[in-house]
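Here are some worked exercises to try with the model open in your viewer. Have a go at each task before you read its solution.

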Amino acid sequence: MKIGIFGGTFDPIHNEHINMALSAKEELGLDKLYIVPAYVSPFKSAYDVTQPVHRLNMVNIAFMDYPDVTVSDYEIKAGGASYTYKTVEHFKKLHPKDKLYFIIGGDSLGTFFNWANPEIITKHADIAVVLREGVYIETDKLQKKFKKLFNKDFIKLTYTGASVSSTKIRMTARFCLPLEGLVPKEVEDYIVKYDLYEDSPYIDYLKSVMTESRLKHTVNVVTAAMTKAKSLKLDEKKVYLAATLHDLAKYQNPDDFPGFVYKGIPKQVVHAFLGAYIIENVLGITDKDVIDAVKYHTTAKAPMSTL
Ligand SMILES: [Fe+2]
């Protein structure tokens, strides 16, 4: 038999994960596919990973109707850091006579060489790579390196996944926007039922002053900003708040705020200055870094902070 293994954090599982898994199953001719949600140690901030049991339940719901897809709680039960080589060893023990395939996203291929004991993974399983839109990887160069190190090729699957991220889906949920088309309906219902992703601060205010398309734009900005916050090691709370609020004055009339003086400010950037005014004077936010980030999000200024 041909057995596939597809792991991930799945916070939450989304349609593109499902498409990737099913197309890999089809293309590799798998008899059975294991979906393996990773254990991630829980921290306390609002941006951390959802409890394993919820992530596991959502994956179970998503694959309910696929009899040859099995959701495995192996990594979650094992706890601690999830090491792929241990997972692959586990499935090799379960299926000693079968051929194993380990499915990874193209973005993981570059770091695969640095994983713990990659040679154990490649000894027991073939690596099947699913590329993703917008993620460029040097396939030929990586293939050469892979062959040299592991004496075999990785399999490049023809399916290219759309660029959907779980981060964006969490933000969409936090902005109380519908998840239709992003996750299966039953997964959306589960997210709502257990209120998995806490509402963004000031969401009611934002909904009262912004259009749905501007809220969607804001979700994209927050998603990009939070990725940057990590790589630039910025204060995530400040980044989150500034990105969330940056366009809140886009459709507001400066004349409704008698204290706001905008003479001399070009029309196109008034919303940035008015936004800073509103968050300070209406919402009562006192953090100067956040106020400044909103105020100069269109023009930048000299000198300015990383935030
Ligand atoms: Fe703006």
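**Exercise 1. Get an overview of the chain.**
Work out what share of the residues in the protein chain is buried, and how the chain is built up.

*Solution.* Keep in mind that this is a predicted model. Start with burial: of the 307 residues in the protein chain, 35% are buried. Next, the secondary structure, where you'll find 14 helices and six strands. For overall dimensions, take the principal axes: the C-alpha atoms fill a box of roughly 75 × 40 × 35 Å. Now turn to the domains. The domain assignment splits off domain 1 (2–167) and domain 2 (201–307), and their C-alpha centres are 38 Å apart. Finally, check the contacts between residues at least 6 apart in sequence: 73% of them join residues at least 24 apart.

**Exercise 2. Describe a helix pair.**
How do the axes of helix H2 (residues 52–62) and helix H9 (residues 185–193) cross, and which residues make the contact?

*Solution.* Two numbers do the job here, because a packed pair of helices is described by the angle between the axes and the distance between them.

- Step 1: the axes of H2 and H9 come within 8 Å and cross at roughly 155°.
- Step 2: angles over 145 degrees count as roughly antiparallel, so that is how H2 and H9 run relative to each other.
- Step 3: as for handedness, the crossing of H2 past H9 is right-handed.
- Step 4: H2 brings Asn57, Met58, Ile61 and Ala62 to the contact, while H9 brings Glu186, Val187 and Tyr190.
- Step 5: sort these residues by type and you get five nonpolar, one polar and one charged.

**Exercise 3. Look under the cover of H14.**
Find the buried residues of helix H14 (residues 288–295) and say which helices help to cover them.

*Solution.* First pick out the buried positions in H14: Val290, Ala293, Val294 and Lys295. Then look at what sits over these buried residues; the cover includes helix H12 (236–245) and helix H13 (270–281).

**Exercise 4. Place a glycine.**
Is glycine 80 buried or exposed, and where in the chain is it?

*Solution.* Locate it first: glycine 80 is in the loop between helix H3 (74–78) and helix H4 (84–94). Then count neighbours. Glycine 80 has 9 C-beta neighbours inside 10 Å, and the cut-off for exposed is 12 or fewer, so glycine 80 counts as exposed. One last distance to check: valine 40 is 40 residues away along the chain, yet its C-alpha atom and that of glycine 80 are separated by 7.3 Å.

Terms used. Residues are numbered from 1 along each chain as its sequence is written. This is a predicted model: local features need pLDDT of at least 70, side-chain atom pairs count only at pLDDT 80 or more; totals for chains, interfaces and linings use all residues. Axes are lines fitted to C-alpha atoms, for helices over the stretch in contact, and angles run from 0 to 180 degrees between N-to-C directions. Helices (H or I, at least four residues) and strands (E, at least two) are DSSP runs, numbered from the N terminus. Angles under 35 degrees count as roughly parallel, over 145 as roughly antiparallel, 65 to 115 as roughly perpendicular and the rest as oblique. A crossing is left-handed if the near helix is turned anticlockwise from the far one by less than a right angle, and right-handed if clockwise. Two residues are in contact if their C-beta atoms, placed from the backbone, lie within 7 Å. Ala, Val, Leu, Ile, Met, Phe, Trp, Tyr, Cys and Pro count as nonpolar, Asp, Glu, Lys and Arg as charged, and the others, Gly among them, as polar. Domain bounds come from an automatic or database domain assignment. A residue is buried if 20 or more other C-beta atoms lie within 10 Å of its own, exposed if 12 or fewer, and partly exposed in between; C-beta atoms are placed from the backbone.
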